[in-house]
Amino acid sequence: MKLIKIPDYYNYRIDAMFDCYKWDPQFEDANTLSEYALVLTKEEAEEVATLTEQLEQETEEVELFLKNHLRFAKQLQIPKDLWKELKKMRNYNPQNHIRLTRYDFHQTIDNKWVISEINSDVPGGFAESSLLPKLAIQYLKKPNYTSIDFGENLQKVIQKKVKPNGTIMLAHCTSFSDDRQVMQYLGDELSKKNYQILYGSVDHITFKNKEAYSILDGYKQKIDSIIRFTPLEWIAKFRPKTWKGLFDTTTPSCNFPIAIFTQTKRFPLIWDTLEKNNIKINTWKKLLPKTMEIKKVSHQEKVVCKPAWGRVGENISIKEACSEKEYETILKDVKKHPKKYIAQEKFISKPLETSSKQTYHICLGSYAIDKKHGGFYARMSPVPRIDSQAQDIPVIIERT
């Protein structure tokens, strides 16, 4: 991997905003759009793609096993409102739904790949992984780079699962522009395929005989697919009237609630149980650092504490990436609510150096769509924690 600077960054940033759905490339005072592109060799891209598909094969096997053996999932501490609905998933058939995940890869100082987590429920980065690489290649004006179009790969799977000219509900938190830009990109692309697109939230969906219907004013009709961008644990807190229908709907969905089993970072705590039941997790064990209950850790500086249901790098106790006050606040909360966190052995990520001698840590997200590799989404940070202030960076691949 290496970083190369994008020429004419000012105009590149404007084009990203207006042509690539990067509407607000800012978080508080931090610019979240990198002036660099991340370059993978062909061999690196192929290796990560292969590992992604191996991980996804194991993940599906785990989810299907837990669906039928819920007693083994109790240690995951899934929120009570969600737990009550899990029995409804018994008739889940992966062939009818669209399964989308993203694994977060990091390269260590000894040039090995590790993963920090799986974004199993509602991974984002749709436009950033589809349009930004093409824009970066255009500005670099070099024909020796290529990219993988995640959006195109996702659309192909949707077209296989959803009837032609059907109605698709893009369910998201409608008050968040970050969520809307993800859905708007996908909706605009699917509209070109002659699908009718509805933009709404999960409480704009009702269910009859396990089929989904829109209750949006002016669009009260049957829905042929649900593409959900609201996390399940958030939905459980919102408690919209008909949300429980998500768990046994026959309407093709992305993602179906079975994703909840591996979304929680407590997932590795049941690995011994899974292996005793002949469920293979060899790739997971190879790539994910050892994960433990907080109570089993004696020296917290040797591990990273993570919220079991955390997202976007929030409240992760990497000492060198936190202010002293933030670090102490996290550890106090860990001590007060140990079941809400897990401890993960630290790994040392390999920073990449720019031409101006700046260094950045990279998180390379690798998508799987129905068990096939779907593309890359990367973020970078000057500190070894990829959080809300990290920058989106296009991923391009060297041609042979």
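A salt bridge, as I use the term today, is a side-chain nitrogen of Lys or Arg within 4 Å of a carboxyl oxygen of Asp or Glu. With that in hand, and bearing in mind that what we are looking at is a predicted model, I can say that the structure holds 28 salt bridges, and I would like to go through a few of them before turning to one strand, one helix and one loop residue.

Let me begin with Lys22 and Glu128, whose side chains meet in a salt bridge with an N to O distance of 3.0 Å. Lys22 sits in the loop between helix H1 (9-19) and strand S2 (26-27), while Glu128 belongs to the loop between strand S6 (113-119) and helix H4 (132-140), so this pair ties together parts that are 106 residues apart in sequence. As for their surroundings, Lys22 counts as buried because its relative accessibility is 7%, and Glu128, with a relative accessible area of 10%, is buried as well.

The second pair is Glu117 with Lys265, a salt bridge at 3.6 Å, again N to O. Here Glu117 lies in strand S6 and Lys265 in the loop between helix H8 (260-263) and helix H9 (271-276), so that parts 148 residues apart in sequence are tied together. Both of these residues are buried.

A third example is Asp387, which forms a salt bridge with Arg385, the closest N and O atoms lying 3.2 Å apart. Asp387 has a relative accessible area of 14% and is therefore buried, and Arg385, at 6% relative accessibility, also counts as buried. Turning from single pairs to networks, salt bridges that share partners join Lys22, Glu128, Arg379 and Asp392 into one network.

Now to strand S5, residues 100-107, where eight of the eight residues are buried. Which residues point one way from S5, and which the other? Leu100, Arg102, Asp104 and His106 point to one side, and Thr101, Tyr103, Phe105 and Gln107 to the other, with all of them buried. S5 pairs in the antiparallel sense with strand S18 (residues 359-369) over six bridges, and within that pairing Phe105 stands opposite Leu364. S5 is also joined to S6 by six bridges, with the two strands running antiparallel, and there Gln107 faces Trp113 as its opposite residue in S6. The hairpin of S5 and S6 has five residues between the strands, and in it Asn111 takes a positive phi near 60°.

From S6 I move on to helix H4, in which seven of the nine residues are buried, so the helix is largely enclosed by the rest of the structure. The buried residues are Leu132, Pro133, Leu135, Ala136, Ile137, Tyr139 and Leu140. What covers them includes strand S1 (2-5), H1, strand S4 (36-40), strand S7 (145-146) and strand S21 (395-398). Following H4 comes Lys141, whose phi is positive, near 55°.

My last stop is Asp224, in the loop between strand S11 (211-214) and strand S12 (225-228). Is Asp224 buried or exposed, given a relative accessible area of 15%? The cut-off for calling a residue buried is under 20%, and Asp224, at 15%, is therefore buried. If we leave aside its neighbours within four places in sequence, Asp224 is in contact with Val162, Lys163, Gly166, Thr167, Thr251 and Pro252.

Definitions and conventions:
Residues are numbered from 1 along each chain as its sequence is written. This is a predicted model: local features need pLDDT of at least 70, side-chain atom pairs count only at pLDDT 80 or more; totals for chains, interfaces and linings use all residues. Side-chain values use heavy atoms; hydrogens and water are left out. Helices (H or I, at least four residues) and strands (E, at least two) are DSSP runs, numbered from the N terminus. Buried means under 20% relative accessible area, exposed over 50%, partly exposed in between (1.4 Å probe, protein chains only). Two strands pair if DSSP finds at least two bridges between them. Contact means heavy atoms within 4.5 Å.
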